[in-house]
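Please open the model in your viewer and keep the sequence panel beside it. The tour below goes from one selection to the next and says what is found at each stop.

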Amino acid sequence: MSSYNNNSVPGVSVLGSVSTKEEGVILSPEALQFVATLHRKFNQTRKSLLLKRAERQSAIDQGELPDFLPETASVRQDPNWRGAPLAPGLEDRRVEITGPVDRKMVINALNSGASTFMADFEDANSPTWENCLSGQVNMYDAIRRTITFTNPDGKMYELRKDGKIAVLIVRPRGWHMVEKHVIIDGEPVSASIFDFGLYFFHNAKELVQRGAGPYFYLPKMESHLEARLWNDIFNTAQDMLSVKRGTIRGTVLIETILAAFEMEEIIYELREHSSGLNCGRWDYIFSFIKRFRERPEFVLPDRSQVTMTVPFMDAYVRLLIKTCHKRGVHAMGGMAAQIPIKNDPEANQAAMAKVDADKLREVKAGHDGTWVCHPALLQIAKDVFDKYMPNANQLEVSRNDVQVTAADLLSVPTGAITKQGIRENIRVGLTYMEAWLRGAGCVPINNMMEDAATAEISRSQLFQWARHGAKTDEGETITAQLNLQLLDEECAKLKQEMGEEKYAASKFETAKKAFATNVTGEDYDEFLTNLLYDDIVTIA
């Protein structure tokens with residue numbers, strides 16, 4: 001492996017290693033120049049919007065509560081505007097499968113029979129340089145139908161020949177992240193612009209020629225101004241490559257509490273590129289805890305009790321469906337994170353029944369499609385949507401019965417905090433972080449396929465409970481000392497289960513050190529991925 005020096009792109013330095021000819025193609029001078037142009041034009045706006053997030057957090061800490069914006073009331077009240085027409089291949093999205101950009105997983109997902117595949121550079125991907133760069137190679141090959149993979153045991157994977165390939169949607173990293181392996185004018189490139197720019201540059205025209213288009217899921221936004229930035233980037237990128245404006249489609253994950261108050265405005269900002277909104281349920285819970293972490297009246301119970309039927313989650317779902325259908329775009333349901341449980345038919349049947357009930361709730365509410373993380377869940381979800389959604393979507397379901405207030409979106413559910421809940425947060429958070437540090441962003445834990453949102457909820461709840469001295473159902477006050485004591489105990493259990501040698505070779509001690517900084521009720525990082533990122537940076 002060698003570092004990649006391309007002196008033909010002034011102001012751009014690639015500090016990561018490039019190990020294959022295919023990776024060199026992805027980082028061509030023309031592609032890097034394209035990314036650099038977008039970064040130079042838009043990175044300052046990105047940074048200013050991140051500062052606005054911090055300002056908003058300060059206001060909430062001081063007692064302000066979110067509400068629907070008076071300055072954009074005219075957008076919400078205007079009945080005439082609509083989002084973009086349904087794009088080729090996105091008319092019917094009843095079951096979408098998601099996963100990281102790992103080569104074998106990409107092939108399996110595209111072959112799965114799902115309507116679409118969301119290839120994830122974000123929360124299901126540990127953003128090592130190798131993962132991000134090889135992921136771009138995998139996208140390039142998948143679009144051209146040349147992608148293959150051979151396991152060490154000789155088993156070969158390739159795309160099915162009957163043409164029933166899932167439509168590809170890519171999720172770039174969020175505005176908060178940078179890619180430290182590429183430096184532009186002395187600063188790391190925006191990870192969002194890097195992921196989007198390389199993918200669009202190499203694949204936009206090829207996708208259009210194949211009857212689809214460059215389609216994206218847009219994560220972690222907190223305001224319509226952040227959606228406006230994406231729209232501006234889309235327009236500039238299309239103009240630079242002489243791609244017709246409106247070719248791109250972006251589905252926005254409503255996975256932050258503040259974005260829930262600006263759903264119509266977000267669609268409006270992206271309207272010629274909008275393909276709807278998605279209920280990013282796990283990150284939404286994380287955001288609810290994070291944004292109100294200084295407010296004792298917003299303490300949540302155990303994660304297992306914060307289901308989609310609690311009032312604030314149900315209100316957010318109903319408002320999202322009404323908003324999307326009012327504007328003619330898809331309202332996508334959330335993730336079923338269960339995975340098959342081998343060697344325990346009874347437990348597996350119970351898990352699959354939960355998937356069935358979740359998808360039934362979604363289709364009856366009016367969702368146009370849903371997410372699954374494992375091919376085994378696909379048929380369950382499809383059967384439910386086929387039965388209750390005979391057409392390609394449910395855009396005709398207006399949900400005019402829905403009236404959601406700010407108070408509804410901020411309603412705190414009742415429930416207990418248990419010592420077992422504390423231990424589960426520690427175990428799940430640690431296990432995920434350890435895997436992430438090893439380069440795995442999609443991790444099976446306790447028969448669930450977890451991504452970064454899981455660890456975010458875990459450490460945020462522990463912070464919140466210690467911050468406010470919450471009490472368990474047995475009356476014990478949760479303190480920094482208790483959380484750290486239980487952290488030590490869980491690590492000791494892990495060491496005993498794994499054995500000294502295997503534990504020492506793992507990343508658990510590194511994960512423990514980072515986790516401990518965020519569970520005492522004192523320090524709190526905006527994102528775990530930013531906290532841990534330097535540990536996976538590999539400058540050549």
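In this predicted model, begin by selecting Phe196, which touches Leu38, Pro172, Phe216, Trp230, Ile233, Phe234, Ala237 and Ile248 when residues up to four places away in sequence are not counted. Phe196 and Ile254 are the residues with the most contacts inside the largest nonpolar core, which has 120 residues. A second core, separate from that one, has 37 residues, and Leu494, Phe515, Leu532 and Ile536 are among them.

Next, display the open sheet, in which 3 strands run in the order 2-9-10 with antiparallel pairing. Strand 2 (12-14) and strand 10 (187-190) are at the edges and have a single partner strand each, so one side of each is left without a neighbour in the sheet. From one strand to the next, the twist averages 55°.

Now zoom in on strand 9 (residues 178-184), which pairs with strand 10 in the antiparallel sense over 4 bridges; here isoleucine 183 stands opposite proline 188 in strand 10. Add helix 6 (residues 191-209), which packs on the sheet by touching strand 9 and strand 10, and whose direction makes about 55° with that of strand 10.

Finally, select helix 15 (residues 452-467), whose 16 residues reach 22 Å from the first C-alpha to the last, close to the 22 Å expected at 1.5 Å a residue. Because 15 of its 16 residues are buried, helix 15 is largely enclosed by the rest of the structure. At its N-terminal end, aspartate 451 acts as the cap, with a side-chain oxygen 3.0 Å from the backbone nitrogen of alanine 453, while just after the helix glycine 469 takes a positive phi of about 55°.

Note on methods. Residues numbered from 1 in each chain as written. Predicted model: local features only at pLDDT ≥ 70, side-chain atom pairs only at ≥ 80, totals over all residues. Heavy atoms only, no water. Core = buried A, V, L, I, M, F, W, Y, C linked by side-chain atoms within 4.5 Å. Buried < 20%, exposed > 50% of the residue type's maximum accessible area, 1.4 Å probe, protein only. Contact = heavy atoms within 4.5 Å. Helix = DSSP H or I, 4+ residues; strand = E, 2+ residues; numbered from the N terminus. Expected span 1.5 Å × (residues − 1). Polar contact = N/O pair within 3.5 Å; in protein donor to acceptor, adjacent residues only side chain to side chain. Pairing = 2+ DSSP bridges. Axes fitted to C-alpha atoms, helices over the stretch in contact; angles between N-to-C directions.
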